[in-house]
Amino acid sequence: MFERIIRFAIEHRWLVMLAVFGMAALGVYSYTKLPIDAVPDITNVQVQINTSAPGYSPLETEQRITYAVETVMAGLPSLIQTRSMSRYGLSQVTVIFKDGTDIYFARQLVAERLAQARERLPDGVTPEMGPISTGLGEIFLWTVEAEDNAKRPDGQPYTPTDLREIQDWIIKPQLRNVPGVTEINSIGGYAKEYLVAPDPAKLSSYGLTLSDLVATIQRNNTNTGAGYIEKRGEQYLVRAPGQVKTPQDIGNIVIKSVNGSVTRIRDVAEVGVGKELRTGAATDNGREVVLGTVFMLIGENSRTVAQAVSKKMVDINRTLPKGVHAITVYDRTNLVDKAIATVKKNLIEGAILVIAVLFLFLGNIRAALITAMVIPLSMLFTFTGMVGNKVSANLMSLGALDFGIIVDGAVVIVENCVRRLAHAQAHRGRVLTLTERFHEVFAAAQEARRPLIFGQLIIMVVYLPIFALSGVEGKMFHPMAFTVVAALVGAMILSVTFVPAAVALFIGKKVDEKENRLVLASKRAYEPMLDKALGNTPIVVTAAGCMIVLASVIGAKLGSEFVPSLNEGDFALQALRVPATSLSQSVDMQKRIESTLKAKFPEIERVFARTGTAEVASDPMPPNISDAYVMLKPMDQWPEPRKTRTELLAAVQETVEQIPGNAYEFSQPIQLRFNELISGVRSDVAVKLFGDDMDVLNAQAQKVVAVLQQVNGAAEVKAEQTTGLPMLTVEIDRDRAARYGLNASDVQEALATAMGGKEAGTMFEGDRRFDIVVRLPETLRGDLEAVSRLPLPIRAADGSTQYIPLSEVARLDLAPGPNQVSRENGKRRVVVTANVRGRDLGSFVADAQASVEKQAKLPAGYWFEWGGQYENLQSATQRLQIVVPVALALVFTLLFVMFNNAKDGLLVFTGIPFALTGGVAALWLRDIPLSISAAVGFIALSGVAVLNGLVMISFIRSLREQGMGLDAAVREGALTRLRPVLMTALVASLGFIPMALATGTGAEVQRPLATVVIGGILSSTALTLLVLPVLYRLAHRRDEDEPQPSGEAADAPVLTGPTDAHAGTA
């Protein structure tokens, strides 16, 4: 089949060129459509269900809402896990599905089950699904700020309520329509409402109740249609508008009329613009602001959406009132551009190094150019495949592309063509005719095709284990394996079509094959070393064995981590305070942190934070926790002497720890969300304790904290805050209430309206709409004495209404209660979290597990589970332990098919342990722990290592088939193969050098992979050149005198000529 393809390519060379041009054009078009991101989106398929339940304590929220929602989710198809969290006034249930489940199908299933759950939920409580977004969804954040001297049209300065109104009614509606945006979230300021604040004393003096007030407003805030009338042939609609339009309208509503004496609402209550009882606030550089967040729709291109939002924001700013601005504080495009710049730099530098090696070794500028053309063409082929398979261009997907490995196949054919054309020209003593030239090119391509195809297949096969990874690690590395395999397929197709056609067209009439100084010098150095190796077989074999043993010992001592964390540039700082801290106190403490950091560190551009829970509770936090983002200036703007990012982080940590009342956790914006969404935990290691009784769980959690703090490398060890939320409990005495003819529900309703407020309707202002709320004034709500005097209406014997104070039928208790209740898979849990500093994750967890098992024994019915990043490392390791041996077995099978005997297949296979020694040594020298990134490096390395052996063994065999003796064939084969082996090794390792040395954004993710490949190729090349000839001679010395079976050589690649091209590079 391949002969036919090669013949067709040479005979119809212009048609092939046209087809290649068409493919390149499609690739360029695909590149414009290619989604670009910093990292792959690793969030699992999950649906969040948020239920707002104002006034419910964490325990009541769990019992009445969370439990009901959680139980109906059980038994959903493809369900993996349910997690939930119950806080004051909020229940959040996260339903996680198997990877590959369509998110819209999952949401449909959840919606159906929610319909069942609604019957079991309290009245007025409605569960809602969270936005259709992921951990990478928060792509753009902005603050709404007013200049110091900015004034409203009425001459008053802008209040936080005004800024929030601008955010909700001017900015939000415009951004919602940007393609790719699924939700706009707001936090900070106060949502505007019209507050009717009654005076309890006046109410009781007029014989009125809070519920009378609510009912009256509801009745007097409607428009009524009264049909239509016809007049002079026209039809008039009849309407009687009764909606309130201003606070004065509300105040004028008549609440009671006795003997012509009218009581209006303004007589018993104050009416005006009020502030909501908010659950969250936002700050920026030590000032309170309104903060908006754009959530990107799942599956969209974050760079495109962020750019569209940024462009829209410029238009929006023109529509804002004078002196008010929407200021961008976080734009994902910046990180994406930095990460892509790192990848681009590495790829371009790698390509330049590879092309330089080609020029040096091939000695023919046209041949080198044809080979180098395979690089951009295979990349364009890859882009088309990426767009078709919805793979985004990011650090991981483009991070493993090594142009050296990609062009190897083309090098094989080009070098063989140049050699054959030069020999044929020298043999005939004249310039070749066109037909002769085409014949030689066909013969050269045909000779090299078998090792070429097998070589490429072997590299593709070693990438198969990556496709077997699942979960988080699968999402991270599938794009990488896909792009490498796509690029190799592209290069393989080009090698048997474009390359022969281009050589036939463009390699000139005069072709010389001259070995340049570099090759000659290499041969001079290699020859005595080879002779020594062949003369000292036992020493060479023992030394090689010792190196493999030594590498396995070092390998066992290397640390392990899941994936090196991407340096996002900016960092996140979470401040935690005692659970009793109020929102306003938290905001004041956060302002102090921000002002201190901004004043002390000129490297910091801005610090902005969210405290508590936003309008859409995608990331619910209690009021005592703030998530701050510390945005840094570009490095070139940092003052001299410049600190490194690590030094700056340490200095920031030292500074904030001097501010009392806060505990801190450092992370990065994307990393923080990923950790939390994937495992429900924000740290590297989590110990989850499961059981029934919260008190027992909390006591055990404290024991685990004490144990973990003693483990070397543990940082920021803490137990989840589940207690310590101060509560004012109104204990109703049912007997006393009954004596007054009151039910508990009567007392509860009066208290709920007085303290929490009750909605009594809506006021429309043009397109905008605001709630009308009845609630006691702030001065009375915060006064426990005033609350205890709250008048409750009772019916007297004569039918009149009398009042008794709340203290007559209830007792007010102030005591701490539960702060939050977390559940997982239907069971209560408390989590102890820890981050790991200064050592690797794998060994830390091993030590921690041993200590916890020994020192923290749990009572019956309670159990531990380990989670966090560690969970991912475990699942990836287990999967790789099965799949890597399978892939190696496949490689061996291909070698067996290629050589038609097991002995030579095994000899080539020895390249793998030899390569691993160098990879392990390189990691050890650079002090890089083993990670999934490094494991992928070892996988890629195995393929390249096998190819080196393939080059040499296939050539030695062809020499022996021509009748050369074993020793002579081994020596001659090794010397002749020196150029291709060095070329393979150099192009493959040089392609990765920029990646190994890179320092840009995201370089730390690629570094382990590149380090492994370079170290491994160096050791593999040395061992291929020196140890493989020795092993071959050792393996075949017995059959030296035996006649060679005809079948063995039948399928072997036959290459002739003493300076034969390297037949097996790929």
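A cavity here is a set of grid points where a 1.4 Å probe fits but cannot get out, and its volume is the space filled by probe spheres set on those points. With that rule applied to this predicted model, the count comes to 7 cavities of 30 Å³ or more. The second largest of them holds about 110 Å³ of space, and it's the one followed up here.

Its wall is made up of 17 residues. Lying nearest the centre of the second largest cavity are N185, R610, A614, S618 and D619. Three elements give two or more residues to this lining, namely β6 (181–187), β14 (287–296) and β17 (604–612). Of these, β6 puts in the largest share, with 3 residues. As for chemistry, the lining of the second largest cavity is a mix: 7 residues are nonpolar, 6 are polar and 4 are charged. Two domains each supply at least three residues to that lining, domain 3 (135–208 + 268–362) and domain 6 (570–667).

A couple of backbone details turn up in loops. N285 sits in the loop between β13 (280–284) and β14, β14 being one of the strands that help line the second largest cavity. Phi of N285 is near 50°, a positive value, and the residue isn't a glycine. The other case is P641, in the loop that runs between β18 (625–632) and α21 (645–656). Here the peptide bond from E640 to P641 is cis, and its omega is near -10°.

Then there are the helix pairs. Two packed helices are described by the angle between their axes and the distance between the axes. For helix α14 (residues 434–462) and helix α32 (residues 932–961), the axes come within 8 Å and cross at roughly 160°. Angles over 145 degrees count as roughly antiparallel, so that is the label α14 and α32 get relative to each other. The crossing in which α14 passes α32 is right-handed.

Helix α2 (residues 13–33) and helix α17 (residues 498–506) make up another pair, with axes that come within 9 Å and cross at roughly 125°. That angle falls in neither the roughly perpendicular range of 65 to 115 degrees nor the roughly antiparallel one over 145, so α2 and α17 are oblique to each other. Their crossing is left-handed, whereas the one between α14 and α32 is right-handed.

How values were computed. Residues are numbered from 1 along each chain as its sequence is written. This is a predicted model: local features need pLDDT of at least 70, side-chain atom pairs count only at pLDDT 80 or more; totals for chains, interfaces and linings use all residues. Side-chain values use heavy atoms; hydrogens and water are left out. On a 1 Å grid over the protein atoms alone, a cavity is a set of points where a 1.4 Å probe fits but cannot get out, and a pocket is an open set with protein on both sides within 12 Å along at least five of seven lines; lining residues have an atom within 4 Å of a point. Helices (H or I, at least four residues) and strands (E, at least two) are DSSP runs, numbered from the N terminus. Ala, Val, Leu, Ile, Met, Phe, Trp, Tyr, Cys and Pro count as nonpolar, Asp, Glu, Lys and Arg as charged, and the others, Gly among them, as polar. Domain bounds come from an automatic or database domain assignment. Axes are lines fitted to C-alpha atoms, for helices over the stretch in contact, and angles run from 0 to 180 degrees between N-to-C directions. Angles under 35 degrees count as roughly parallel, over 145 as roughly antiparallel, 65 to 115 as roughly perpendicular and the rest as oblique. A crossing is left-handed if the near helix is turned anticlockwise from the far one by less than a right angle, and right-handed if clockwise.
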